[in-house]
Amino acid sequence: MSAAALAAAGPLAAGGTARAAAARTPKVLVIGLDGALLNRIKDADAPHLDALMAAGLTSVSPLYADPMAPTLSGPGWSTIITGVWPDKHRVKDNAFTGNAFARYPDFLTRIETAKPSLSTYAVASWNPVTDTIFSAKVDTRVSTPDAEYDTGTTSRAAAELAGGSRDAVFVHLDNVDHAGHSHGAASSQYLDAIHGVDTQVGQLVAAVKGRATYGSEDWLIMITADHGHTDAGGHGGSSAAERQTFLIASGGAITAGSTRYDIKMPDVAVSALAHLGIAVDPAWGLDGRPLQQPVPDAFDALRPQLLTRADETGIGGAVVGFTHTPPAGWRVDNSAMGTGGVTEWRGWTFTTDEFWTSAERGQWRETNVRARNVFAVADGDEWMDKSYAGTFDSTLISPAWPVTGGRTATLAYTTHYRQEAPQKGEVLVSYDGGAPVPVKTYTSDTVSKTESLTLQVPAGATTAQVRFRYTGGNNWFWVIDGVRLTSG
């Protein structure tokens with residue numbers, strides 16, 4: 001593991017810190033700040049949240065938008081608490097109709113199932129969180145009476161944290177969202193609400209640190225939000241502000257003052273399970289992965305060299321987010337690519353969610369939820385928004401990876417493909433520099449999916465190289481991320 005990866009690994013870090021943490025009893029506190037924006041937290045008088053960021057990691061994580069789900073509380077909290085995206089938990093609004101919580105239960109229920117001896121507690125100011133998302137398997141669920149609101153939620157949670165024997169606690173606070181709806185995220189009232197909830201977060205953290213047994217415990221504290229808010233107030237749409245969520249995490253030997261770009265909101269549930277020593281069964285189908293175990297890919301290494309916009313006008317001038325230079329060992333073949341067009345999207349481009357979705361909203365780019373950090377995109381629709389000649393024909397080529405002849409290999413990658421004829425996405429594999437052979441062709445919508453293709457390696461072959469070729473006209477796009485080839 002590289003020094004950078006080791007630094008980001010948190011509880012996996014080598015040395016005495018990790019061994020000391022392992023000797024202590026792991027416990028988890030998740031605090032949900034409904035409708036809170038990270039950039040406004042940084043603007044506000046929020047010393048307790050600032051201290052948690054200084055002591056731990058901070059990550060901005062974008063949500064989906066329609067047609068996967070609108071940026072509402074029901075889908076947002078369901079995603080965070082179950083560890084899967086809306087296409088699995090099926091919550092599309094605040095009515096929870098048709099939810100799949102029986103298939104994808106909340107993380108406290110998974111704790112109770114795996115380790116029933118552990119004590120779980122959830123309290124919420126927005127009652128559907130504790131009435132509907134968390135199941136009756138949770139040891140204690142408290143839906144705070146409306147008259148008590150966040151004050152009651154905080155006092156109840158602080159009492160449990162200070163004097164109880166809970167192992168995993170979830171707390172939902174609502175007033176920031178209320179201020180957003182009433183006054184807008186650009187208002188002084190929204191900043192005041194953040195200051196108020198910061199005080200309540202301070203009370204909860206103080207309750208944890210004041211425990212008589214705190215010295216022998218290893219607390220992982222995670223703070224997150226279900227959606228953002230527009231400056232004028234409200235959410236549900238596809239704007240960057242509405243899609244903004246974040247994670248602040250400290251404890252568990254997390255590197256102090258670190259910033260991460262690879263974290264997604266389903267990671268909260270899975271990180272809680274990992275901290276408590278609960279192995280995630282692949283059969284559960286969770287979308288999250290432990291923040292303690294980062295899995296950087298080759299594309300992520302490109303973040304320091306991302307550029308600001310060239311031709312795009314809808315992307316902020318200070319936003320960095322694209323490069324045509326592939327990572328070491330990778331190539332882009334544009335020999336058949338047309339000329340002209342929008343510079344940012346000429347051939348395969350390495351980009352980020354913030355940059356790419358700003359190019360054009362409401363066209364399914366926001367549903368690219370399973371790609372992380374930096375990913376590769378071929379976007380004929382955006383490329384042809386400026387004068388061009390020819391067609392879009394670009395091939396992304398992997399390094400030559402070692403394989404064992406006569407055995408199987410597994411090609412895995414994350415993909416997000418929106419189809420419009422005559423475009424086509426082809427995955428081709430060549431062995432020992434031979435002719436590329438198609439192994440998968442996309443000609444219909446494939447929305448944010450992790451693919452796993454079994455390859456039969458020819459006898460005697462020692463290397464395999466993967467090609468992703470996108471061809472089309474003024475059509476849609478193809479995203480590729482997390483490519484890996486493992487030999488059986």
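Begin with helices H9 and H11, which are roughly parallel to each other because the angle between them falls under the 35 degrees that counts as such. This is a predicted model, and with H9 (residues 149–163) and H11 (residues 188–209) both selected, the angle at which they pack is about 10°, while their axes lie 8 Å apart. Looking along the pair, you can follow H9 as it passes H11 in a right-handed crossing.

Next, show the side chains at this contact. From H9, select Asp150, Thr151, Thr154, Ala157, Ala158, Leu161 and Ala162, which meet Gln200, Gln203, Leu204, Ala207 and Val208 in H11. Sorted by class, the contact of H9 with H11 comprises seven nonpolar, four polar and one charged residues.

Keep H11 on display and add helix H10 (residues 175–183), which packs with H11 at an angle of about 175°, the two axes being 9 Å apart. That angle is over 145 degrees, so H10 counts as roughly antiparallel to H11. On the H10 side, the residues to pick out are Asn175, Val176, Ala179, Gly180 and His183, and on the H11 side they are Gln189, Tyr190, Ala193, Ile194 and Val197. The contact of H10 with H11 divides by class into six nonpolar, four polar and no charged residues.

A further helix pair is worth selecting: H7 (107–114) and H13 (residues 267–275), whose axes come within 10 Å and cross at roughly 25°. H7 and H13 are therefore roughly parallel to each other, and H7 passes H13 in a right-handed crossing. Here Phe107, Arg110 and Ile111 in H7 meet Ala269, Ala272 and Leu273 in H13. The residues of this contact between H7 and H13 are five nonpolar, no polar and one charged.

From H7, step back along the chain to the loop between helix H6 (86–89) and H7, where Phe96 lies. Checking the backbone torsions of Phe96 is worthwhile, since this residue has a positive phi of about 65° although it is not a glycine.

Now turn to the sheets, and colour the strands E9, E12, E13, E21, E16 and E19, which in that order make up an open sheet of six strands with antiparallel pairing. Its edges are strand E9 (322–323) and strand E19 (446–456), each of which pairs on one side only. At the E9 edge, two bridges join E9 to strand E12 (residues 349–351), and these two strands run antiparallel. To locate this pairing in the viewer, select Phe322, which stands opposite Thr351 in E12.

For the other sheet on this tour, select E10, E15, E20, E17 and E18, five strands that form an open sheet in that order, again with antiparallel pairing. Strand E10 (331–333) and strand E18 (437–442) are the edge strands here, each pairing on one side only. From one strand to the next, the twist of this sheet averages 20°. At the E10 edge, three bridges join E10 to strand E15 (residues 392–402), with the two strands running antiparallel. Asp333 is a convenient residue to select here, and its bridge partner in E15 is Thr395.

Two peptide bonds deserve a stop of their own. Select Asp66 and Pro67, which are joined by a cis peptide bond with omega of about 10°. Pro67 belongs to the loop between strand E2 (57–62) and helix H5 (73–82). Then move to Ala421 and Pro422, where the peptide bond is likewise cis, with omega near 10°. Pro422 is found in the loop between strand E16 (408–418) and strand E17 (424–431), so that loop leads from a strand of the six-stranded sheet to a strand of the five-stranded one.

Finally, colour the whole chain by pLDDT before drawing on any of these details. The mean pLDDT of the protein chain is 94, and 95% of its residues reach 70 or more. Over residues 1–21, however, the pLDDT is below 50, and this stretch has 27 contacts in the model beyond near neighbours in sequence.

Definitions and conventions:
Residues numbered from 1 in each chain as written. Predicted model: local features only at pLDDT ≥ 70, side-chain atom pairs only at ≥ 80, totals over all residues. Heavy atoms only, no water. Axes fitted to C-alpha atoms, helices over the stretch in contact; angles between N-to-C directions. Helix = DSSP H or I, 4+ residues; strand = E, 2+ residues; numbered from the N terminus. Parallel < 35°, antiparallel > 145°, perpendicular 65-115°, else oblique. Left-handed = near helix turned anticlockwise from the far one by under 90°. Contact = heavy atoms within 4.5 Å. Nonpolar A, V, L, I, M, F, W, Y, C, P; charged D, E, K, R; others polar. Pairing = 2+ DSSP bridges. pLDDT = per-residue confidence, 0-100.
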